[in-house]
Amino acid sequence: MSNNISVKFDVADCTLREQSEDHFGWSNANGVYIVLRVPKNPTNWSFHPHDIDAATRYFSQQSASNGGALLEMDVVSAGGHTALRGLFKYRSPLPDSMGMMFVSILWIRLGNATAQINVESVEQGTTGVREATVCVMTGESPTSASPSEPLLMDSVEDMFAHMRAQPLRVLPSDNSQYDQMFPDHPLSKVRHRMAQLEATLSIAAKEAARAAPAQAPWWKLW
């Protein structure tokens, strides 16, 4: 990223957890993790970043290859720039968990480089309540069809391993219309926090950022 660019966004309720030359991570008490990545090398996507159809195809394949599912892909305006925003679902990285991890990513092209901001949250405790409730409300089929032949498992561990190995797919319960009903669900929290981030994000030339009054605890990258 150019040394003449300043990126700001609000992390007032967060604690800086990790920091390196091109990577910063914060978390808050609400179980939300925010990550900023600033790659030094140019971004070489095979598609124009504002080509929503090409981006959807690319990131659908990429997320599926990593065991996840693309839930949403949009072109949005953030910090005075047109940006690409994706929302993904993956299996929880926590050992033996049947929960999900949700990741919203904002890609902002700045010259030939791309700043990437992730908002992430992992499902913990009782899982599947949102999916089951919406399934009952809508009359939709369960998340996975029953196999034509019963599966014989040697242990509970084998059963959970089999369940975790199943491909993820987009479910009716992933729709944003249910966020208000489940405000503490990680998917709802990720969407809400990304909306806040987009609203507070600003990108400016270094000189303009220096002239502006300090706004701690906002974060600046020079």
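Biologist: How many aromatic pairs does the structure hold?

Modeller: In this predicted model, the structure holds twelve aromatic pairs.

Biologist: How does one read the geometry of such a pair, for instance that of Trp45 and Phe59?

Modeller: Two values are needed, the distance between ring centres and the angle between ring planes; planes over 60 degrees apart count as edge-to-face. The centres of the Trp45 and Phe59 rings lie 5.9 Å apart and their planes stand at 90 degrees, so this pair is edge-to-face.

Biologist: Which parts of the chain does the pair of Trp45 and Phe59 tie together?

Modeller: Trp45 belongs to the loop between strand S4 (33-37) and helix H1 (52-65), whereas Phe59 belongs to helix H1 itself; the pair therefore ties together parts that are 14 residues apart in sequence.

Biologist: Are Trp45 and Phe59 buried or exposed?

Modeller: Both Trp45 and Phe59 are buried. For Phe59 the relative accessible area is 2%, and buried means under 20%. Phe59 also forms an edge-to-face pair with Tyr58, with 4.9 Å from centre to centre and 85 degrees between the planes. Tyr58, however, has 31% relative accessibility and so counts as partly exposed.

Biologist: Which residues do ring pairs link into a cluster?

Modeller: The cluster consists of Trp45, Phe47, Tyr58, Phe59, Phe88, Tyr90 and Trp107. Trp45 has a charged partner as well: the charged end of Arg109 sits over its ring, 5.9 Å from the ring centre.

Biologist: Let us turn to the sheet. What is the order of its strands?

Modeller: Strands of a sheet pair through backbone hydrogen bonds, and the pairing is either parallel or antiparallel. Here, seven strands form an open sheet in the order S2-S3-S4-S8-S7-S6-S5, and the pairing is antiparallel. Strand S2 (15-19) and strand S5 (69-78) are the edge strands, each pairing on one side only. On average, neighbouring strands of this sheet are turned by 20 degrees against each other, direction ignored.

Biologist: How many bridges join strand S6 and strand S7?

Modeller: Strand S6 (residues 81-91) and strand S7 (residues 100-110) pair over eight bridges in the antiparallel sense. Arg91 stands opposite Met100 in S7.

Biologist: Which strands does H1 touch as it packs on the sheet?

Modeller: H1 touches S5, S6 and S7, and its direction makes about 140 degrees with that of S5.

Biologist: Across which strands does helix H4 lie?

Modeller: Helix H4 (residues 186-200) lies across S4, S5, S6, S7 and strand S8 (113-122), and runs at about 145 degrees to S8.

Notes
Residues are numbered from 1 along each chain as its sequence is written. This is a predicted model: local features need pLDDT of at least 70, side-chain atom pairs count only at pLDDT 80 or more; totals for chains, interfaces and linings use all residues. Side-chain values use heavy atoms; hydrogens and water are left out. Rings of Phe, Tyr and Trp (its six-membered ring) pair if their centres lie within 6.5 Å; planes under 30 degrees apart count as stacked, over 60 as edge-to-face and the rest as tilted. Helices (H or I, at least four residues) and strands (E, at least two) are DSSP runs, numbered from the N terminus. Buried means under 20% relative accessible area, exposed over 50%, partly exposed in between (1.4 Å probe, protein chains only). A charge sits over a ring if NZ of Lys or CZ of Arg is within 6 Å of the ring centre and within 35 degrees of the ring normal. Two strands pair if DSSP finds at least two bridges between them. Axes are lines fitted to C-alpha atoms, for helices over the stretch in contact, and angles run from 0 to 180 degrees between N-to-C directions. Contact means heavy atoms within 4.5 Å.
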